[in-house]
Amino acid sequence: MKNLKIFFLAALTLAFGCTNDFDEINTNTNQPEVATSDLLLSTVISNVLGQVARDGYSEGNQVSQHVASNNFTGFDRYNWGSNGLWNTMYENLTEVEIILEQSRAEGAGNTSYEGMALVLRSWMYSNLTDLFGDVPFSEAISGATEGNFTPTYDSQESIYDAILTDLATADDLLAQGQQILGGDILYGGDLTSWRKLANSLRLRYLMRISKRRDVAAQMQQIVDNEPIFESAADDAAMSYPATSNEDSWPISIGRIGGFDARRLSDTNFEVLSAFDDPRLSTWFQKTDNPEEDVFRSIPNGLSEDNASNWNGGAQNQSRLNQALFFDCSNCVRAPLMQFAELSFILAEAAQQGMISGDAQTYYEAGIQGSFDYWNTSMPEDYLSRDGVAYNGALETIMTQKWLAFFMVGFEAWYDFRRTGLPAFIEPGPDNVNNNRVPTKFFYPSSEQTLNPENWQAAVDRIGGDDINVRGWWEQ
């Protein structure tokens with residue numbers, strides 16, 4: 001009994017004696033409570049570029065008519081709802097805000113992380129507003145810091161003003177060249193490449209708003225004085241390491257049925273065939289019919305029955321290149337912006353008299369940049385072929401730009417909404433949108449439930465929550 005009392009006394013003494021050191025003892029110094037900027041940066045890049053690549057492969061390619069669907073054809077017929085990028089973007093914008101807070105912390109900040117975060121934030125908000133219209137921006141990420149879980153919706157015009165300001169700021173910050181600790185899975189810590197991306201994005205967004213603003217002087221200033229993409233080596237495109245399912249090209253780990261649903265569209269086939277363009281064989285494969293050796297396409301916007309039976313059935317419809325897009329887990333990349341796109345932007349700007357320079361030179365560089373991105377050899381006479389040779393027409397520029405936008409998110413759709421080009425994009429025969437190409441997605445239904453007043457104010461301002469409402473820059 002005496003020994004038992006001594007044991008309890010010792011235990012109590014030990015317990016109370018350790019109370020002051022409890023937090024220190026139970027803190028793992030090797031596991032920080034707050035994720036650092038390098039970890040957050042790699043997570044954001046992976047999550048967001050990966051999601052945009054998935055959506056570009058499926059929905060982006062369909063609405064731009066690079067591919068058509070022969071199964072689950074609702075989206076191809078414009079039977080639309082919302083889009084998952086709303087949640088992906090806002091969830092990851094929270095992480096971007098943490099990077100910005102850490103990079104601006106007095107005595108411990110890092111201007112390079114701040115610049116990269118501003119570039120990513122600008123690109124993410126541009127997609128949000130281009131997909132949905134007016135969206136939460138100035139109050140969007142204030143729930144954790146200010147308890148505001150019902151943010152107001154900012155106008156698309158004000159969001160674009162902020163985006164262009166932030167990208168210019170990002171270039172200045174990145175120019176300071178402060179070393180980073182890691183996390184840059186896009187450019188491997190090359191700050192010059194990030195500066196080129198920031199300024200190339202500025203040119204993209206200046207061109208996007210050029211119907212509403214005189215942007216010529218700003219574009220010329222960037223072209224004359226700032227670093228921008230110079231070749232396909234500057235492409236902002238995330239590679240997939242493919243060490244596991246989590247870091248592999250997502251289509252390669254999906255169902256074969258989902259892959260098989262995407263087919264060569266009539267629109268794409270007609271253009272590629274007219275130019276005898278070798279990208280046809282890079283992107284697509286001949287039919288599975290053993291009795292023929294040809295490519296066959298299907299129209300966009302067919303009903304389920306019409307799509308599945310077109311040309312006599314699926315074996316007579318060309319699929320995407322299975323070796324490239326399904327069998328290989330790291331053969332394609334997730335693009336944010338390419339040198340090819342920048343070249344076509346500059347070609348359009350020169351053709352429209354917004355900047356000095358030779359439109360044909362920019363145009364031909366864009367074509368070469370697209371071939372380079374896809375590791376496809378451009379025929380020696382390609383630039384002189386009928387329909388390809390530069391003729392001073394904007395339609396010619398926009399057709400090649402459209403081809404270069406294969407698999408690049410929703411960029412071809414944004415451009416079509418801005419210019420109406422290429423003019424050959426038309427609603428499919430079984431579309432359910434009164435023969436109109438949609439111009440936005442519906443807001444998520446959760447916004448009507450969780451943020452009804454601000455949702456309603458935005459809907460009233462833009463003219464309704466309807467897939468045919470046009471944004472500020474396209475009016």
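## Exercises on helix packing and burial

In helix H4, Leu85, Trp86, Met89, Tyr90, Asn92, Leu93, Val96, Glu97, Ile99, Leu100 and Ser103 meet Tyr113, Glu114, Ala117, Leu118, Arg121, Met124, Tyr125, Asn127, Leu128, Leu131 and Phe132 of helix H5; contact means heavy atoms within 4.5 Å. The model is predicted: local features need pLDDT of at least 70, side-chain atom pairs count only at pLDDT 80 or more, and totals for chains, interfaces and linings use all residues. Residues are numbered from 1 along each chain as its sequence is written, and side-chain values use heavy atoms, with hydrogens and water left out.

**Exercise 1.** Determine how H4 and H5 are oriented to each other, and give the residue classes in their contact.

*Solution.*
- Step 1. H4 (residues 85-103) and H5 (residues 111-132) pack at about 155°, their axes 9 Å apart. Axes are lines fitted to C-alpha atoms, for helices over the stretch in contact, and angles run from 0 to 180 degrees between N-to-C directions.
- Step 2. H4 and H5 are therefore roughly antiparallel, a term for angles over 145 degrees.
- Step 3. The contact comprises 16 nonpolar, three polar and three charged residues. Here Ala, Val, Leu, Ile, Met, Phe, Trp, Tyr, Cys and Pro count as nonpolar, Asp, Glu, Lys and Arg as charged, and the others, Gly among them, as polar.

**Exercise 2.** Determine how H7 and H8 are oriented to each other.

*Solution.*
- Step 1. The angle between helix H7 (residues 156-175) and H8 is about 160°, and their axes lie 9 Å apart.
- Step 2. H7 and H8 are therefore roughly antiparallel to each other.
- Step 3. Residues making this contact include Tyr160, Ile163 and Leu164 of H7 and Leu191, Trp194 and Arg195 of H8. By class, the contact of H7 with H8 has 13 nonpolar, one polar and four charged residues.

**Exercise 3.** Compare the span of helix H15 with its expected span, and state how many of its residues are buried.

*Solution.*
- Step 1. Helices are DSSP runs of H or I with at least four residues, strands are runs of E with at least two, and both are numbered from the N terminus.
- Step 2. The expected span is 1.5 Å times one less than the number of residues. For the 13 residues of H15 (residues 339-351) it is 18 Å, and the end C-alpha atoms are 18 Å apart, which agrees.
- Step 3. Twelve of the 13 residues of H15 are buried; buried means under 20% relative accessible area, exposed over 50%, and partly exposed in between (1.4 Å probe, protein chains only).
- Step 4. The cover includes H8 (191-208), helix H9 (216-225), strand S6 (334-337), H16 (359-373), H17 (394-404) and H18 (411-419).

**Exercise 4.** Is Phe406 buried or exposed, and which residues does Phe406 contact?

*Solution.*
- Step 1. Phe406 lies in the loop between H17 and H18.
- Step 2. Its relative accessibility is 0%, so Phe406 counts as buried.
- Step 3. Neighbours within four places in sequence aside, Phe406 contacts Asn61, His66, Val67, Asn268, Trp283, Phe284, Leu320, Phe325 and Trp374.

**Exercise 5.** Describe the backbone and exposure of Asp276 and Asn311.

*Solution.*
- Step 1. Most residues other than glycine have a negative phi.
- Step 2. Asp276, in the loop between H11 and H12, has a positive phi of about 50°. At 56% relative accessibility, Asp276 counts as exposed.
- Step 3. Asn311, in the loop between H13 and H14, has a positive phi of about 60°. With a relative accessible area of 34%, Asn311 is partly exposed.

Conventions
Angles under 35 degrees count as roughly parallel, over 145 as roughly antiparallel, 65 to 115 as roughly perpendicular and the rest as oblique.
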